[in-house]
Amino acid sequence: MAIELDFPDIRAAVARLCAGYGGGYWRALDAGRHYPTEFVRALTAAGYLSVLIPEEYGGSGLPLGAACAVLEEIHRSGGNGGACHAQMYTMGTLLRHGSDEQKQRFLPDIAAGRLRLQAFGVTEPTSGTDTSRIRTTAVRDGDDFVVNGQKVFISRTEHSDLMVLLVRTAPRADSGRPTDGMSVLLVDMREALGNGLTIRPIDTMMNHATTELYFDNLRVPGANLIGREGQGFNCILDGMNAERILIAAECIGDARWFTAKSSTYASEREVFGRPIGANQGVQFPIARAHIQTEAAALMVRQAADLYDAGKPAGAEANMAKLLASEASWAAAEACIQTHGGYGFAAEYDVERKFRETRLYQVAPISTNLILSFVATRELGLPKSF
Ligand SMILES: Cc1cc2nc3c(=O)[nH]c(=O)nc-3n(C[C@H](O)[C@H](O)[C@H](O)COP(=O)(O)OP(=O)(O)OC[C@H]3O[C@@H](n4cnc5c(N)ncnc54)[C@H](O)[C@@H]3O)c2cc1C
């Protein structure tokens with residue numbers, strides 16, 4: 001028996017929408033590495049990408065738990081929310097730290113689906129996980145900032161009108177906080193492309209529309225600075241916690257998809273004159289993954305509840321992401337093994353979902369960095385870096 005699912009109406013409606021986009025739809029996109037434009041349009045039109053935008057700006061003003069339910073259901077149906085989930089967490093940076101003028105300018109159009117805010121540019125080739133060492137700079141010149149540098153693995157940039165971009169507006173100081181001196185700019189991709197911004201796609205093991213970005217004297221209006229100059233890291237921190245919780249919900253959806261698929265196949269496939277699922281060697285990994293999933297789901301809900309209550313949720317967001325990504329991987333492993341050779345045949349969707357769910361142990365933050373955060377911040381162990 002799984003834990004009682006919250007937001008049942010939203011879940012049922014999202015599941016109905018996803019039923020129109022079955023395995024064949026996702027397989028064809030995967031084979032050609034195409035973006036799920038049609039699916040994202042349908043999701044936007046139904047209002048699911050703007051659940052977190054307050055009603056005064058045209059959204060539904062629902063809590064993060066509702067957004068978790070949307071993404072979990074997409075993944076539980078066999079689909080992938082990676083194509084569009086960023087709108088949910090990047091929007092928080094604008095909502096919590098943008099000026100009234102910025103919120104009025106952008107949020108209603110985002111809520112109505114006229115503007116896509118799907119790109120979040122943080123990672124760079126030389127700094128890796130150490131965000132304080134990013135080298136992309138923005139220098140004031142008249143009313144504008146002039147941006148130079150490079151980003152890597154920035155997803156959905158070719159399918160987004162706006163990007164939340166983290167830059168350095170002051171060098172990393174030896175004293176003070178290493179994250180001081182960073183700022184957040186809202187880049188209008190439609191104006192930037194070809195005018196100082198070059199996008200180069202990166203081919204990856206799953207269909208994720210991720211890219212490299214090159215900035216060569218890109219001019220961004222000063223009016224697009226979000227929050228205070230030099231305090232940009234604080235502006236994206238909330239968004240990062242939301243991102244971890246939402247992605248943990250996607251992992252729970254994946255895990256539930258894998259386990260349902262494993263249970264069905266193991267009950268139906270007969271070898272040696274009985275269903276393979278009657279063998280405990282087949283049953284136990286499926287049952288273990290289910291137990292891991294249900295425990296992780298409780299932590300995801302706890303993290304979302306803290307976030308929605310405005311309480312510190314950093315530790316829970318990180319723990320939820322670690323537990324959920326490991327549960328989805330355990331469920332994926334059990335599923336591919338249960339399917340024997342058929343697990344590797346594209347038409348079963350198992351190998352596609354297997355590739356897709358592996359990402360979450362690395363992005364948006366790797367398991368090691370979560371362990372290090374919990375060890376040093378929660379348990380007070382000495383720091384190694
Ligand atoms: C498909 C995909 C989509 C992505 N989308 C985005 C996006 O939209 N926006 C964005 O900004 N980024 C994005 N990323 C980047 C992602 O967040 C990073 O890849 C991830 O945070 C890891 O950074 P890195 O690749 O530089 O690894 P590194 O920092 O180089 O780390 C490599 C390995 O070393 C380990 N490691 C590093 N330091 C330590 C340490 N001190 N102790 C122990 N272990 C350590 C890490 O755990 C990791 O396993 C995406 C990545 C992928 C693959």
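Me: Which residues come nearest to the ligand?
Reply: In this predicted model, the ligand has 22 residues around it. Strand S1 (117–121), strand S3 (144–155) and helix H12 (367–378) each give two or more residues to that shell. The residues that come nearest are Val122, Gly128, Thr129, Ser366 and Asn368.

Me: Which domains each give at least three residues to the shell around the ligand?
Reply: The chain is divided into domain 1 (8–111), domain 2 (117–230) and domain 3 (234–378). At least three residues of the shell come from each of domain 2 and domain 3.

Me: How many charged residues does the shell around the ligand have?
Reply: Sorted by class, the shell has 11 nonpolar and 11 polar residues. The number of charged residues is none.

Me: How are helix H9 and helix H10 oriented, roughly parallel or roughly antiparallel?
Reply: The axes of H9 (residues 280–308) and H10 (residues 314–338) come within 8 Å and cross at roughly 160°. Angles over 145 degrees count as roughly antiparallel. Therefore H9 and H10 are roughly antiparallel.

Me: Which element gives the largest share of the side of domain 1 that touches domain 2?
Reply: In this contact, 17 residues of domain 1 meet 14 residues of domain 2. On the domain 1 side, helix H2 (23–32), helix H5 (86–97) and helix H6 (100–111) give two or more residues. The largest share, 7 residues, comes from H5.

Me: What distance separates the centres of domain 1 and domain 2?
Reply: The two domains are in contact through 17 residues of domain 1 and 14 of domain 2. Their centres, taken over C-alpha atoms, are separated by 23 Å.

How values were computed
Residues numbered from 1 in each chain as written. Predicted model: local features only at pLDDT ≥ 70, side-chain atom pairs only at ≥ 80, totals over all residues. Near = placed C-beta within 6 Å. Helix = DSSP H or I, 4+ residues; strand = E, 2+ residues; numbered from the N terminus. Nonpolar A, V, L, I, M, F, W, Y, C, P; charged D, E, K, R; others polar. Domains from an automatic or database assignment. Axes fitted to C-alpha atoms, helices over the stretch in contact; angles between N-to-C directions. Parallel < 35°, antiparallel > 145°, perpendicular 65-115°, else oblique. Contact = placed C-beta atoms within 7 Å.
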